[in-house]
Amino acid sequence: MTKQISSHTRITTLLIVICIAVMLASCGTMAGLSQSKPKSLLTYDEQAKEILATMTLDEKIGQMIQSEYVGMQDKNDIQKYFLGSVLMGGGSDPAAGNSLEAWTDVYDEVQSIAMKTRLGIPVMYGVDAVHGHSNVIGATIFPHNIALGCTNNPELIEKIGKITAIEMQATGMNWTFAPCVTVVRDERWGRTYEGFSEEPEIASILGAASTRGLQGNDLSDPLAVAACAKHYIADGGTSAVTSQGRGGPAFGGFNFGGAAMTTRGGTRVTLNAGNSEFDEDTLRKIHLPPYKACVDAGVATIMPSYSSWNGTKCSASKFLLTDLLKGELGFKGFLISDYNAIDQINMRNFKEAIAISINAGMDMAMEPTRYAEFFTFLKELVEEGTVPMSRIDDAVTRILRVKIAMGLFDDSRSHLTDRKLHEIFGSKEHRKVARQAVRESLVLLKNNNEVLPVAKNTKKIFVAGINGNDIGNQCGGWTIQWQGQSGNDLTEGTTILQGIKDIVSSDTEVVYSRDGSGAAGSDVAIVFVGEERPYAEGSGDNGDLSLSAQQVEMINSIKSEGIPVVAVIISGRPMIIGDILDKADAIVAAWYPGTEGQGVADVLFGDYKPTGKLSFTWPKSMDQIPINVGDSDYDPLYEFGFGLSY
Ligand code: GLC
């Protein structure tokens, strides 16, 4: 879609992007960010090659496989197949539940089995700690990346990485599949909230900051974890495929049962794991920079995307995996496939799929249940000469480099969890940082008659809407459960409503109504709208981002009582809000704040003046989507970089 754009708009837009990039970069140097680059992984090459020389083919192949804890038929398969890694996938929970103890016990169980192998090489235990150690009850849950992208604060994002790593190490988990550095070009995609921005510069600076926070300056630090930049490449640039009628949401190219996300007209849209269709110049300009930034920051692992580029699966592309990433960008860590992503290369011939992906440059396979089959096929492929031993040796050398850098070969260290860290898991100090992240991520979109900040001694405050009193909804997907879960019994945290009650003066009356009834007589109404069902991946693909009729009606009826209305949008992306624009006196984008809902109250009541700036363009209507800064005919409701203050 190319249309004429006024030179004025083009210049303005360019200036916005430059200003943000300079601010982000200057924050980094001014605030003493650990700009020093960690040791190159090549430092460990000699030791890696020494270990490699002692390994049998079976042991080498085993290191290239990651199974799923819950998916394993027998946990002793870790020893039997010399597995290099185990993961807890998004929906996997320890049999004893998602407590800190249960997760720690799982890690120690797995590591103990791994240490029984001939070489006793510890596993890397992978988990999606994508906004804190977000699977474990009681963890500090930070705002999702879309919110962090509005903070312009790489130092804060680095601090969040450090805390996430500490809380992970409290359970032993030493590898996170984060940061997601996708550059999201179409907010109808269900993974929009996992990205920092639609703009590559922000995704680059914050992705690198997150990597530095997670990995520290020395990967062998017991409080550091290996990071994983994902999903390489252009996972956020896929073309929307619309279809009529309802169908299960797409997850990684598979269809699973679940609420189909369709537009009101019944048109279903699918972007997840789709096909990105544009030339190499666009790929390099828009989608490659965050990976260069993370490679330069020393990221240990990178996860190729389920999606395709111009019809070729990223997980099958030698150009993308070997020539561009390992060759041109000089990536020295290793590539971990996405969950069953190799299988999807050829659903009818797994062995063929394995050959294609490993020869393209994939180093470790995330095979939750088919790890034994994978082991057998890859061994056959090597023995047949289809996969050269040099490729196996390169993959295993890369894996060993990372494990050595992580200190996993340091015999002086216990490889079981340091349970003293349980004392600071979900600590007040960690939650204070999360609360600050919430404050800095909120974006003030409208504030007529300075209705905000609300006075703390207001006589009667009416609070309405499900999202104002629901920990699960304010955390979003990838929280305790893969898809997240509504409700207040999901994990420990503070609802936004509780934050409001805690901040107002003692003689202020706060009335809460889930459906917005009973507002009469209140001095001000704070009404929560947005997305009322957490989601993850394909089940969040949605062709209609407008507020529900019930939410619009709720605001209309409260406004008809003559009460000033503050609308707070809890969502994983910009929503279409034209129907409330003239009714709400103030509008705040709060995204998915995580467990520390007080941070929202801090801004609404003036303890913190809003500083957030949109890292995503806010469209007027669905017809405008996709719309991104720099586009021709750029005429959104709120521009990229927009944000008011008090
Ligand atoms: C999922 C996601 C990926 C995640 C992986 C492990 O399919 O695409 O982001 O890290 O599986 O849970």
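The following questions and answers concern the domains, sheets, salt bridges and backbone geometry of a predicted model.

In this predicted model, local features need pLDDT of at least 70 and side-chain atom pairs count only at pLDDT 80 or more, while totals for chains, interfaces and linings use all residues. Residues are numbered from 1 along each chain as its sequence is written, and side-chain values use heavy atoms, with hydrogens and water left out.

Reader: How far apart do the C-alpha centres of domain 1 and domain 2 lie?

Author: The protein chain is divided into domain 1 (41-235 + 278-420) and domain 2 (442-624), with bounds that come from an automatic or database domain assignment. The contact (heavy atoms within 4.5 Å) takes 38 residues from domain 1 and 38 residues from domain 2. The separation of their C-alpha centres is 35 Å.

Reader: Which residues of domain 1 lose the most area to domain 2?

Author: The size of an interface is often given as the accessible area lost when the parts come together. Domain 1 and domain 2 bury about 2,900 Å² between them, 56% of it on carbon and sulfur atoms; buried area is the accessible area (1.4 Å probe) that two parts lose on being put together, summed over both. Together accounting for 22% of what the side of domain 1 buries, the residues that lose the most are Cys-150, Glu-187 and Tyr-193.

Reader: Which side chains meet in a salt bridge at 3.5 Å, N to O?

Author: A salt bridge is a side-chain nitrogen of Lys or Arg within 4 Å of a carboxyl oxygen of Asp or Glu. Between domain 1 and domain 2 the count is 1 salt bridge. The side chains that meet at 3.5 Å are those of Glu-537 and Arg-191.

Reader: How many residues separate Arg-419 and Asp-105, which form a salt bridge?

Author: The structure holds 35 salt bridges, including that of Arg-419 with Asp-105, whose closest N and O atoms are 2.8 Å apart. Arg-419 lies in the loop between helix 14 (389-405) and helix 15 (428-441), and Asp-105 in helix 5 (residues 100-114). Helices (H or I, at least four residues) and strands (E, at least two) are DSSP runs, numbered from the N terminus. This pair links distant parts of the chain, at a separation of 314 residues.

Reader: Why is one side of strand 5 and of strand 14 left without a neighbour in the sheet?

Author: The open sheet of 3 strands has the order 5-11-14, with parallel pairing; two strands pair if DSSP finds at least two bridges between them. Strand 11 (residues 301-304) joins strand 14 over 2 bridges, and Thr-301 stands opposite Phe-334. Strand 5 (228-232) and strand 14 (334-335) each lack a neighbour on one side because each stands at an edge, with a single partner strand.

Reader: What is the bridge partner of Trp-309 in strand 13?

Author: Another open sheet of 3 strands has the order 10-12-13, with mixed pairing. Its edge strands are strand 10 (275-276) and strand 13 (312-313). Strand 12 (residues 308-309) and strand 13 run antiparallel, joined by 2 bridges. The partner of Trp-309 is Thr-312.

Reader: Which residue has a positive phi although it is not a glycine?

Author: Most residues other than glycine have a negative phi, and most peptide bonds are trans. The bond from Lys-230 to His-231 is cis, with omega near -10°, and a cis bond also joins Tyr-232 and Ile-233, with omega about 10°. In the loop between helix 4 (77-80) and strand 2 (85-88), the residue with a positive phi, about 55°, is Phe-82.
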